[in-house]
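Please open the structure in your viewer and keep the sequence beside it, since this tour goes from one selection to the next.

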Amino acid sequence: MLLSQNFINHVRIPENNDWVIFILIGCLFLYVFMMNIIERDASLKDFLLQKYFDASNNLPSWIITSCVTALTLSVLLSQYIPIVPKYIADLQLMGYQLNKFGYTFLAVVFFYVSKSALGFLFYQSIGDGKKWSIFYFTSTKFYFIFSFLLIILCITHYYFPVDRNKIFFYYFCFFVFVAVFKIFFYLFHKNNILPEKWYYKFLYICTLQIAPLLLLWKLLFF
């Protein structure tokens with residue numbers, strides 16, 4: 001009887017991350033569908049190097065790439081969200097409420113949809129609406145590569161023994177680097193996707209690149 005009271009169970013129940021692999025596999029299937037059906041069996045090299053006037057079905061490719069980016073980014077960031085805000089947690093649908101991943105995904109989707117809508121209005125308001133389609137065609141290539149980096153980070157984060165508290169600083173540096181690199185990518189890309197006048201470029205970078213990121217950070221971490 002005494003031995004049974006002093007028994008300690010050393011069996012560790014591993015964390016169940018099946019939801020992560022399901023999402024990542026779904027993202028890969030979306031890309032397979034995009035490359036085989038929408039891009040008509042284009043190779044990876046052809047897809048990344050294709051010119052705007054030679055491409056077709058740009059809008060569906062942009063939407064799929066944006067969805068994959070939003071999903072993978074939400075998977076990675078959701079583990080660092082302190083809490084789901086009470087006004088969001090109190091909202092229930094058929095008895096279900098949003099967890100950290102659901103809240104992060106909604107915030108990221110809101111971020112991308114708002115930024116895209118404002119970008120469209122920005123190009124229309126300056127009389128350069130034709131350049132908008134070239135802009136999202138070019139940004140699709142950038143986010144396509146970025147989403148694969150996010151998939152690698154998600155696999156490393158959930159399935160390898162990393163210290164999640166220490167590695168957050170490296171994630172932060174990585175995202176800052178990507179944000180800065182994206183600005184230079186847009187500024188100096190051969191497709192000239194930003195407006196010609198310098199003050200429009202400055203206005204776009206400040207209001208539609210930097211400000212939305214600060215808003216997303218506030219939504220997720222404050």
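How much space lies in the largest pocket? About 670 Å³ of space lies there, where a pocket is an open set of points on a 1 Å grid over the protein atoms alone, with room for a 1.4 Å probe and with protein on both sides within 12 Å along at least five of seven lines, and a volume is the space filled by probe spheres set on the points, which are joined across faces, edges and corners. This is a predicted model, in which local features need pLDDT of at least 70 and side-chain atom pairs count only at pLDDT 80 or more, while totals for chains, interfaces and linings use all residues. Residues are numbered from 1 along each chain as its sequence is written, and side-chain values use heavy atoms, with hydrogens and water left out.

**The largest pocket**

Select Phe175, Val176, Ala179, Leu213 and Trp217, which lie nearest the centre of the largest pocket among its 26 lining residues; lining residues have an atom within 4 Å of a grid point. Helix α8 (164-188) is one of the elements that supply at least two residues of this lining, and α8 gives the largest share, 10 residues; helices here are DSSP runs of H or I with at least four residues, numbered from the N terminus.

Another contributor to select is α4 (58-77), a helix of 20 residues that reaches 28 Å from its first C-alpha to its last, close to the 28 Å expected at 1.5 Å a residue, the expected span being 1.5 Å times one less than the number of residues. Because 14 of its 20 residues are buried, α4 is largely enclosed by the rest of the structure; buried means under 20% relative accessible area, exposed over 50%, and partly exposed in between, with a 1.4 Å probe and protein chains only.

**The second largest pocket**

Move next to Leu48, Thr138, Lys141, Phe185 and His189, which lie nearest the centre of the second largest pocket, whose volume is about 410 Å³. Here α7 gives the most to the lining, with eight residues. Thr138 belongs to helix α7 and is buried at 2% relative accessibility.

**The salt bridges**

Finally, select Asp128, Lys131 and Glu196, which are linked in a network of salt bridges, each a side-chain nitrogen of Lys or Arg within 4 Å of a carboxyl oxygen of Asp or Glu. The closest N and O atoms are 3.7 Å apart for Asp128 and Lys131, and 3.4 Å apart for Glu196 and Lys131. Glu196 lies in the loop between α8 and α9 and Lys131 in helix α7, so this pair ties together parts that are 65 residues apart in sequence.
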